[in-house]
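Colleague: I am new to this structure and would like a close look at a single part, the place where the two chains meet. Please take me through it in one connected answer.

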Amino acid sequence: MTFPFFAPGDDPGPDFADLLRRVGLAPVPPTSAIEGVTHGTTVLAIRHADGVIMAGDRRATSGHLISYRTMEKVFPADRHSGVAIAGAAGPAMDMVKMFQLQLEHYEKVEGNQLSLEGKANQLSGMVRNHLPFALQGMAVVPLFAGYDLRRKVGRLFQYDITGGRYEERDFASTGSGSLHAGAVMKMGFRDGMTREQAMDLAISGLFQAADEDSATGGPDLVRGIFPTVATITAAGFDRVEESEIAERFRMLVDSLALSESTSVGANPTMGERHTS
Amino acid sequence: MSMPFYVAPEQVMKDRADYARKGIARGRSLITATYADGVLICAENPSRTLRKISEIYDRIAFAGVGKYNEFDQLRIAGVRAADLKGYSYSREDVDARSLANQYAQILGQIFTHEMKPMEVEILVAEVGTEPSEDQLFHILYDGTVVDEQRFTVLGGDADAIAGRLESTFTDGSDLKTVLGACVVAIAGPDRTIPASDLEVAVLTRGEERRVFHRIDDDEVAELLRGAT
């Protein structure tokens, strides 16, 4: 590898992707569609009083088969932001790696960090550049969330496969189970929730998504595999301990089991009408 | 076509070296020293925005003295080389020694082949998991690489400063002691340097991934309080 020393007029600046192109390491888009690519599925983000929560299930599927049970889909992008991914697993992991590197590279070359807005736009460009891959069956649709140190709030961003960037106010989800997780969050979201309340809502959203969508994995009590949850606050990105997530799932499952057993076969209000 | 006058190669090299040394001597000096929990880099630098010390990679820092635009160009090339290597192989494979060699190549090349040598002296420091694994590479304007132990001084007044530090420096001291000794050595006997005119950063021996940290003026003032 030659030393990347450029003349002033030829300098790629803080853009790591451009640097990769200059040295011939940029990936080449496929020329035909690829079948049976491994896909990752449901991820979500919720704003709360101190920042944001990001969560994702752990399942990866190829067609109707489960190909991986312990996939990570929620990653730190840098100290105060995170990125979660749904879509073709290989390119998605690569996009996360590139995004993390890009933010770090910018910070080191320029001597200060990008704004949260700048980071969101940077990811938007990466998704847009990925479109040739998406058209060959390898779409990647990320979520981006972070704590805005200038505005002192948690913010979240949703994307489409063309790189369209949509800032959401309260919550966002993407992936095959996003419809169900989104419905749960829509019903349960309240302004000014605590970190704990937001975590319970995220866990409930993922549980319902797994309940309805075959490509989304629920809590795996046999193997002890639980969805990933991370919080991003002024203190930075922090992965929630698996034991805490397991405990919250257990509580959710217990309360759901209780309500199921009291309403077997009939709606309780219908039952009342029968006895009267 | 007119024939150029013959100039002996020895003379050409000597003139270039003198030119580079003169440029470097105009700036203020910088010390890098090892301490118990890492590597300290301390520079006299009244500017808050034009940095002499910066992060290259997880455990590697860069420092330069001399002409700002020239060492900054080298700094950015180092960040690029490190990030590219980490991307192609793995983060663990990025090391100071290989980077120092690349710097030496480019500086040597420019010194012998370009019209004007670079008026810089640079440092590549890496903190190890054990104090014995700390590495300090001091690279001169002509591509000479020196693998230093304990501490090294960059800049025009290097010999005098190194002499002063030699008498006060002890291996394995804490940050406060070493920073105090470095600042006194840079200042010399006749003056004191206020914290606002210092640029200080450390590479800490720790479990974190990125261990480069800047120490701001208030913390520097606090560390210097009571130190001799």
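**The interface of chain A and chain B**

Modeller: In this predicted model, the contact between the two chains takes in 24 residues of chain A and 28 residues of chain B. The size of an interface is often given as the accessible area lost when the parts come together. Here chain A and chain B bury about 2200 Å² between them, and 62% of that area is on carbon and sulfur atoms.

Charged and polar pairs also cross the interface. The rule finds 5 salt bridges between chain A and chain B. In one salt bridge, the side chain of Asp11(A) meets that of Arg80(B), at 2.7 Å from N to O. The count of residue pairs in polar contact between the two chains, with both residues at pLDDT 80 or more, is 12.

On the side of chain A that touches chain B, the elements giving two or more residues are helix H1 (16-22) and helix H2 (89-110) of chain A. H2(A) gives the most, with 9 residues. By type, the residues of this side of chain A are 15 nonpolar, 7 charged and 2 polar.

One residue of helix H2 of chain A to look at is Glu107(A). Glu107(A) has a relative accessible area of 15%, so it counts as buried, the cut-off being under 20%. Its side chain is joined to that of Arg79(A) by a polar contact of 3.4 Å. Leaving out residues up to four places away in sequence, Glu107(A) touches Arg79(A), Asn112(A) and Gln113(A) in its own chain, and Arg210(B) in the other.

Helix H2 of chain A also matters for the count in the largest nonpolar core, which has 31 residues. Those that touch the most other members are Phe16(A), Val83(A), Ile85(A), Phe99(A), Leu123(A) and Phe144(A). Elements of both chains give two or more residues to this core: from chain A, H1, strand E6 (74-78), strand E7 (81-88), H2, helix H3 (116-129), strand E8 (140-148) and strand E9 (153-159), and from chain B, helix H2 (68-88). H2(A) supplies the largest share of this core, 9 residues. Another core, of 29 residues, lies apart from it, and its members include Phe169(B), Leu179(B), Ile215(B) and Val220(B).

Notes. Residues are numbered from 1 along each chain as its sequence is written. Chains are lettered from A and ligands numbered from 1 in the order in which they are written. This is a predicted model: local features need pLDDT of at least 70, side-chain atom pairs count only at pLDDT 80 or more; totals for chains, interfaces and linings use all residues. Side-chain values use heavy atoms; hydrogens and water are left out. Contact means heavy atoms within 4.5 Å. Buried area is the accessible area (1.4 Å probe) that two parts lose on being put together, summed over both. A salt bridge is a side-chain nitrogen of Lys or Arg within 4 Å of a carboxyl oxygen of Asp or Glu. A polar contact is a pair of N or O atoms within 3.5 Å; within protein, one must be able to donate a hydrogen and the other to accept it, and residues adjacent in sequence count only if both atoms are side-chain atoms. Helices (H or I, at least four residues) and strands (E, at least two) are DSSP runs, numbered from the N terminus. Ala, Val, Leu, Ile, Met, Phe, Trp, Tyr, Cys and Pro count as nonpolar, Asp, Glu, Lys and Arg as charged, and the others, Gly among them, as polar. A nonpolar core is a set of buried Ala, Val, Leu, Ile, Met, Phe, Trp, Tyr and Cys residues joined through side-chain atoms within 4.5 Å. Buried means under 20% relative accessible area, exposed over 50%, partly exposed in between (1.4 Å probe, protein chains only).
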